[in-house]
Amino acid sequence: MASWVTAFFDVKGTFLNERFKNNKQLYMTVPWGSKKHYPDDVLLLLLCTIYGLKQAAIQFWRELQRAFKFMKFKRNKTDPYLSFRWVDGYLMIWIMWVDDCLCAGPPDLMEKSKKEMSSMFECEELGKMQEYVGCNVDQDDDVGKIKLIQPILLQ
């Protein structure tokens, strides 16, 4: 991956702000610490997803896919968490893992793509990536190379 740079992001509040698809209604019991404020037979209607719900992760993934479509990225057919875009013969990629995203590509295209994503989501840049999903990442910014190394695990 010559002449590439990366940006590693955490999408803030990922699972806290998404709406349910098709106006689906979801109810929950009153949390233990709040039971004294409600009668025993009350259920609470959720107005948006909350952390820990599988629906929250699914809704965030759908929102992320809409963002990539808007940015003209295509989803990889074999890995649904990798999106890519060719711009004037140069490849740009986004890799997602839960609420973390890695943007990689030529410096000017990566900066543009990073700004587009930050305009749609509140993102915190996490600095230089050193490890990603069990792989060590070796980056040489002077040369513009990125090397992914999966260490051998001894059992």
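**Note on the salt bridges**

1. Three salt bridges are found in the structure. The model is a predicted one, and the points below take the pairs in turn.

2. One salt bridge joins the side chains of R66 and E63, at 2.4 Å from N to O. Both residues belong to helix α1, which covers residues 54-70. R66 and E63 are three residues apart there, about one turn of the helix. R66 is partly exposed, with a relative accessibility of 47%. E63 is also partly exposed, its relative accessible area being 26%.

3. Another salt bridge is formed by the side chains of E111 and K114, with an N to O distance of 3.2 Å. These two residues sit in helix α2, residues 107-120, and because they are three residues apart, about one helical turn separates them. E111 has a relative accessible area of 33% and is therefore partly exposed. K114 has a relative accessibility of 14%, so K114 counts as buried, the cut-off for that class being under 20%.

4. K114 also makes a salt bridge with E125, where the closest N and O atoms are 3.3 Å apart. This pair links distant parts of the chain, since K114 is in helix α2 and E125 is in strand β8, residues 123-125, with their positions 11 residues apart in the numbering. E125 is partly exposed, at 42% relative accessibility.

5. E111, K114 and E125 are joined into one network by salt bridges that share partners. In that network, K114 pairs with E111 and with E125.

Note on methods. Residues numbered from 1 in each chain as written. Predicted model: local features only at pLDDT ≥ 70, side-chain atom pairs only at ≥ 80, totals over all residues. Heavy atoms only, no water. Salt bridge = Lys/Arg side-chain N within 4 Å of Asp/Glu carboxyl O. Helix = DSSP H or I, 4+ residues; strand = E, 2+ residues; numbered from the N terminus. Buried < 20%, exposed > 50% of the residue type's maximum accessible area, 1.4 Å probe, protein only.
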